[in-house]
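The following note sets out some points on strand pairing and helix packing for your consideration. Please read it alongside the sequence and the model.

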Amino acid sequence: MGGPYAGGVTGKRTRYPPRVLVVGFDLDMTLVDSRPGILTTLQVLQDETGAPVAGEEMLDALLRRNLDVEFGERFEPDLATAWADRFRELYVEHGVPGTHLLPGALESVAAVRALGGRAIVITAKYEPNALRCLEQVGLDVDAVFGWRYADAKGDTLLAEGASVYVGDTPNDARAAVRADAHMVAVTTGPHPAAELQAAGAATVLDSLVHFPTWLTNHLDA
């Protein structure tokens, strides 16, 4: 992956001038379809450890919330930590290959850069695995910030001077509102448009296919 991962790998935060367009993107179910890889990893984790995690119900829960939060509420603390850590390890072999670009993802990142902007990824996903997934699908961005969940996404949007955030969950919408960024929600994840709007999404799109045109119109306005 090219570009300086300012703040992504080292943890250093760099505030960019307001004149630079910065657009943040969520990863799972916004830029990439991670469902096949997550399902496979959950099955392997269950087969290996006996953790009752395989199946669509857990997949849906993880797409809506953070892995550590979800496991932490379902299992005893020691098991929750051990199983979440093992999931991240297994994901390298079983989850990353099952990650695929969603329609419009490449074009959306390209649209930001064509306008002289920076396209950054802000995700709750474990950062090394987020980087691996982006490499898997061939998506080159300017910075990656992993393990940012809920309010932490808003903090990163503020630190990076992002004026737009694109995501698929109510937590993404609340993070954008926290950072005073325009929230563009996509319904490619598990949440319907009404739920995303209720959480603060200013714009809702069916998919990223429509984002390049929206961005041009938004900036013109």
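Which residue follows α7, and what is the sign of its phi?

1. The residue in question is glycine 161, which comes after α7 and has a positive phi, near 70°. Please bear in mind that the model is predicted.

2. Helix α7 itself spans residues 151-160, and its buried residues are Lys153, Gly154, Thr156, Leu157, Ala159 and Glu160. The list thus includes the charged residues' names Lys153 and Glu160. These buried residues pack against the strands β1 (22-25), β4 (118-122), β5 (143-145) and β6, and also against helix α8.

3. Strand β6, one of the partners of α7 in that packing, covers residues 164-167 and runs parallel to β7, to which four bridges join it. Within this pairing, valine 166 is placed opposite valine 184 of β7. The two strands, together with helix α8 (residues 170-178), form a β-α-β unit that is right-handed.

4. From β7 the chain crosses through helix α9 (residues 193-198) to β8, and this β-α-β crossover is also right-handed. Strand β8 (residues 203-205) pairs with β7 in the parallel sense, over three bridges. Here valine 186 of β7 faces leucine 205 of β8.

5. Strand β7 therefore merits a closing point of its own, as a DSSP run that pairs with β6 and with β8. Is this strand mostly covered or mostly exposed? Strand β7, residues 182-186, is mostly covered, with four of its five residues buried.

How values were computed. Residues are numbered from 1 along each chain as its sequence is written. This is a predicted model: local features need pLDDT of at least 70, side-chain atom pairs count only at pLDDT 80 or more; totals for chains, interfaces and linings use all residues. Side-chain values use heavy atoms; hydrogens and water are left out. Buried means under 20% relative accessible area, exposed over 50%, partly exposed in between (1.4 Å probe, protein chains only). Two strands pair if DSSP finds at least two bridges between them. A crossover is right-handed if, with the strands pointing away from the viewer, the path from the first strand over the helix to the second runs clockwise. Contact means heavy atoms within 4.5 Å.
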